[in-house]
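Here are a few exercises to work through with the structure open beside you. Try each task before you read its solution.

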Amino acid sequence: MSVKQAVISILEENRGGTLSGQEIADSLNVSRAAVWKAVKSLQNEGFAITAVPNKGYILQEKSDVLSPEGVRLALPKQYKTLPISVFKILDSTNNQAKKAALEGASSGTLIIAEQQSAGRGRQGRSFYSPAAQGLYMSIILRPQNNNLSDCLLITVRAAVATARAISRLTDAQAQIKWVNDIFINDKKVCGILTEAISDFESGGVEAVIIGIGVNCQNSCFPADLQPIATSLKQYNINRNRLAAAITANLLSLQDYPDDLLIEEYKAKSNIIGKQITFEQNGQKLVGEAVNINLQGNLIVKCGRSLITLQAGEISIGSGNIIND
């Protein structure tokens, strides 16, 4: 660990409190000059660190720069040693996670970016990822059961994990729009993209990449997103803590019984009992979302028929399908 990493780790642990340069230097067994240099570098990176004459340094509560140290500090003890990488900008955290997985990265490896230049949503759509506004993260999982059909339940776990984290860290009621979007007050606040790396020899799954994008500090959106998107800005959420909460929830849910998982997923659903619009075989259909089965499939009642949706796009009501 570099001096800079060690300094931000100490400041994160004492966020809002004052630590003298000498205290930090003594704890790290380095010079005060080295501490001063590290603090200056951190300030240049955007950390809200105040130097108070004759008192020391304060990492302000408002500081919201993503860092491995900030995330790690907020993780439960059993997850403290997870590999965590934070980048200023990536084309896509999922792309970086795929590379890491192919190079042997372990399950639970976390990739985070302050900005994505080519953030992706489902079906190749772009995902709006401005600098310092959101949490853009990907987690590598290496499931023991490497059946490709289980990927939908992994997405379900990710949705429940994210909704839990948002609801715990804010007073907002996070809801899930099947299969992979998180909504607050009828607007999308988060999207989830699950991708599998297949083992061609066995026909199974070598790794699963779960990409999660949360709008955290956005005060405005492009015109096409304004009617459908929202952010957590009003809740002053700390992105390091949110990343840690989502990660811990997701990892702890890997051994959660499927029936209890689906029960919670349905309880957080914002579509059960509502009229929805969807497409099947190139035809637009309208029906009532009546259930979600143990495989995570959506059951829709259309007239006297029940249709099972394993994937696809839906919108609430009978208007246009919203590809967000």
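**Exercise 1.** In this predicted model, work out how helix 6 and helix 8 are oriented to each other, and describe their contact.

*Solution.*
- Start with the geometry: helix 8 covers residues 258-267, and the two helices pack at an angle of about 55° with axes 10 Å apart.
- Next, classify the angle. Angles under 35 degrees count as roughly parallel and 65 to 115 as roughly perpendicular, so helix 6 and helix 8 are oblique to each other.
- Now the handedness: helix 6 and helix 8 make a left-handed crossing.
- Then list the partners. Helix 6 brings Leu153, Val156, Arg157, Ala159, Val160 and Arg164, which meet Asp258, Leu261, Ile262, Glu264 and Tyr265 of helix 8.
- Finally, sort the residues of this contact by character: seven are nonpolar, four are charged and no polar ones take part.

**Exercise 2.** Repeat the analysis for helix 6 and helix 7.

*Solution.*
- Helix 6 spans residues 151-169 and helix 7 spans residues 239-252; their packing angle is about 135° and their axes lie 8 Å apart.
- Roughly antiparallel would need an angle over 145 degrees, so this pair, too, is oblique.
- The crossing of helix 6 with helix 7 is right-handed.
- On the helix 6 side, the contact includes Arg157, Ala158, Ala161 and Leu169. On the helix 7 side, Arg241, Leu242, Ala245, Ile246, Asn249 and Leu250 take part.
- The residues in the contact of helix 6 with helix 7 come to nine nonpolar, two polar and four charged.

**Exercise 3.** Find out how many cavities of 30 Å³ or more the structure holds, and what lines the largest cavity.

*Solution.*
- A search of the whole structure gives one cavity of 30 Å³ or more.
- The largest cavity holds about 290 Å³ of space.
- Its lining has 29 residues, and those nearest the centre are Gly121, Arg122, Phe127, Gly191 and Ile192.
- Trace the lining back to the fold: helix 5 (93-102), strand 6 (134-141), strand 9 (187-199) and strand 10 (204-215) each supply at least two residues. Strand 9 gives the most, with four.
- By character, the lining of the largest cavity has eight nonpolar, 13 polar and eight charged residues.

**Exercise 4.** Which peptide bond is cis, and which residue other than glycine has a positive phi near 65°?

*Solution.*
- Check omega first: at about 5°, the bond joining tryptophan 178 and valine 179 is cis.
- Place valine 179 in the fold: its loop runs between strand 7 (175-177) and strand 8 (181-184).
- Then check phi: asparagine 54 has the positive value, near 65°.
- Asparagine 54 is also in a loop, between strand 2 (49-52) and strand 3 (56-59).

Terms used
Residues numbered from 1 in each chain as written. Predicted model: local features only at pLDDT ≥ 70, side-chain atom pairs only at ≥ 80, totals over all residues. Heavy atoms only, no water. Axes fitted to C-alpha atoms, helices over the stretch in contact; angles between N-to-C directions. Left-handed = near helix turned anticlockwise from the far one by under 90°. Contact = heavy atoms within 4.5 Å. Nonpolar A, V, L, I, M, F, W, Y, C, P; charged D, E, K, R; others polar. 1 Å grid on protein atoms, 1.4 Å probe; cavity = no way out; pocket = protein on both sides within 12 Å on 5 of 7 lines; lining within 4 Å. Points joined across faces, edges and corners; volume = space filled by probe spheres on them.
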